[in-house]
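Q: I would like to learn how to read a structure like this one, feature by feature. Could you guide me through it?

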Amino acid sequence: MSDLNQRIIGMDLWHLELPVVSRRDHGIGSVEGSCEVVIVRLTAEGGANGFGEASPWSVFTGTPEATYAALDRYLRPLVIGARVADRALIMSKAERAVAHCTEAKAALETALLDLTGQISSLPVWALLGGKCRDTIPLSCSIANPDFSQDIALLQRLRDDGVRLIKLKTGFKDHAFDIMRLERIASDFPEFGVRVDYNQGLSIDDAPACVRDVASFKPDFIEQPVRAHHFGMMAQLRAMIDVLLLADESVFGPEDMTRAAREGICDGVSIKIMKSGGAVRGQSVARIAAANGLTAYGGDMFEAGLAHLAGTHMIAATPEITLGCEFYQASYFLKEDILETPFDVKDGQVVVPDGPGLGIRPDVTKLDRFSVTKAVAA
Ligand SMILES: [Mg+2]
């Protein structure tokens, strides 16, 4: 059955624990051992499937348990029996059915887009407005508390043709951050360097630390202070001549509007897990651009399925100009969940052209890594 008026008859869920290769420290918390994601599969009456991923982080967006409950209990009734064609209606109902839970909404929208693409033989980027680029520069984050392990990662990234890195700062002390910036500048001059504090600085320390780091002329400095410290973000922005990016301060279009009005940033990190899906992520990018601000394709601790959703959004959004950070599938997870590897060549993410998301998850891996699931027999 090829038409989009067919009904959605199934929703399956998997809560996964995915083992990771190393510890990573960020300004707001750490990840060690594994990261947790929730996968949703929608089935239409003709038998087509669409997949989506929610990648929550408890200290940043929310918990996997809340994500799973939002999908299973509060969003499921909006989806079962609805027409595949009615994606905008379903997402607008989702907005009102459960507060926050942006990762659950992103997963739902991704699955609806993938399902629509599978049925219509169109890639998701075509459903989001068409393509503006075939590849996206990849940035990999440097966040290991053991810097010697990150030196090995930097060598591997250099060999792989990656030319952008983001140094995670503010989780130990300022001297550690400066030491790493100096070492990267001297030993790895090929890399464009970005810096991300993930809210790690106090408002007392922020001006001096940010001024020091700005002297290294990174491409940008991201979110030095807590999300709600809009006033300090605006002060730091005025103090330095390096781009200041907002991440945790801006989830959706509503936050972006306020951020632009209050002049807290020169650009924004856009993530479908914060905005609640690619369409709202595109709105964030357009509000930023209309206010003369730039945008970066951020991500959470994701598996390849969420990377794909973000990739299609960036492929269809010319306002996101600073590349992406979809590195976890290739450099952080011990094993990703996709049937074929998330495609990165010469430091660039390759935008897929196949139907839907372009690559499917391996369902045997979803079963193998799941801690909880609700899958129809
Ligand atoms: Mg960030």
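Q: Which residue of E12 is the bridge partner of Leu245?

A: Before we start, keep in mind that this is a predicted model. To read a bridge, one looks for the residue that stands across from a given one on the neighbouring strand. In this structure, Leu245 has Gly267 in E12 as its bridge partner, and the two strands E11 and E12 pair in the parallel sense over two bridges.

Q: How many bridges join E12 to strand E13, and what is the bridge partner of Gly267 in E13?

A: E12 and E13, the latter spanning residues 294-297, run parallel and are joined by four bridges. Gly267 has Thr294 as its bridge partner in E13, and Gly267 is also the partner of Leu245, which lets you follow the pairing through this residue.

Q: Which way do the residues of E12 point, and are they buried or exposed?

A: For a strand, one asks to which side each residue is directed. Gly267 and Ser269 point one way from E12, whereas Val268 and Ile270 point the other way, and all of them are buried.

Q: What is the order of the strands in the open sheet, and which strands stand at its edges?

A: A sheet is read by walking from one strand to its neighbour. Here the open sheet has eight strands, in the order E7-E8-E9-E10-E11-E12-E13-E14, and the pairing is parallel. The edges are formed by strand E7 (139-142) and strand E14 (320-324), and because each has a single partner strand, one side of each is left without a neighbour in the sheet. From one strand to the next, the twist averages 30°. Within this order, E8 (residues 164-168) and E9 (residues 192-196) run parallel and are joined by five bridges, with Leu167 standing opposite Val195 in E9.

Q: Which unit do E11, H9 and E12 make?

A: One follows the chain from a strand, over a helix, to another strand, and asks for the hand of that path. In this model, E11, H9 and E12 make a right-handed β-α-β unit.

Q: Why are the buried residues of H9 on the same side of the helix?

A: The general idea is that an α-helix has 3.6 residues a turn, so residues three or four places apart point the same way. In helix H9 (residues 253-262), the buried residues are Asp255, Met256 and Ala259. They cover an arc of only 100° around the axis, which puts them on the same side of H9. These buried residues pack against strand E11 (243-246), strand E12 (267-270) and helix H11 (278-290). After the helix comes Gly263, whose phi is positive, near 65°.

Q: At roughly what angle do the axes of H7 and H8 cross, and which residues make the contact?

A: For two helices, one considers the angle between the axes and then the hand of the crossing. The axes of H7 (residues 206-214) and H8 (residues 230-239) come within 10 Å and cross at roughly 35°, and the crossing is right-handed. The contact is made by Ala206, Pro207, Val210 and Arg211 of H7, together with Met232, Leu236 and Met239 of H8.

Q: Where does Arg7 lie, and why is Arg7 called partly exposed?

A: Arg7 lies in the segment before strand E1 (8-19). A residue counts as buried with 20 or more other C-beta atoms within 10 Å and as exposed with 12 or fewer, and Arg7 is partly exposed because it has 14. Arg7 and Ile80 are 73 residues apart in sequence, yet 7.6 Å apart in space, C-alpha to C-alpha.

Note on methods. Residues numbered from 1 in each chain as written. Predicted model: local features only at pLDDT ≥ 70, side-chain atom pairs only at ≥ 80, totals over all residues. Arc of directions from axis to C-beta. Contact = placed C-beta atoms within 7 Å. Pairing = 2+ DSSP bridges. Right-handed = clockwise from strand over helix to strand, strands pointing away. Axes fitted to C-alpha atoms, helices over the stretch in contact; angles between N-to-C directions. Left-handed = near helix turned anticlockwise from the far one by under 90°.
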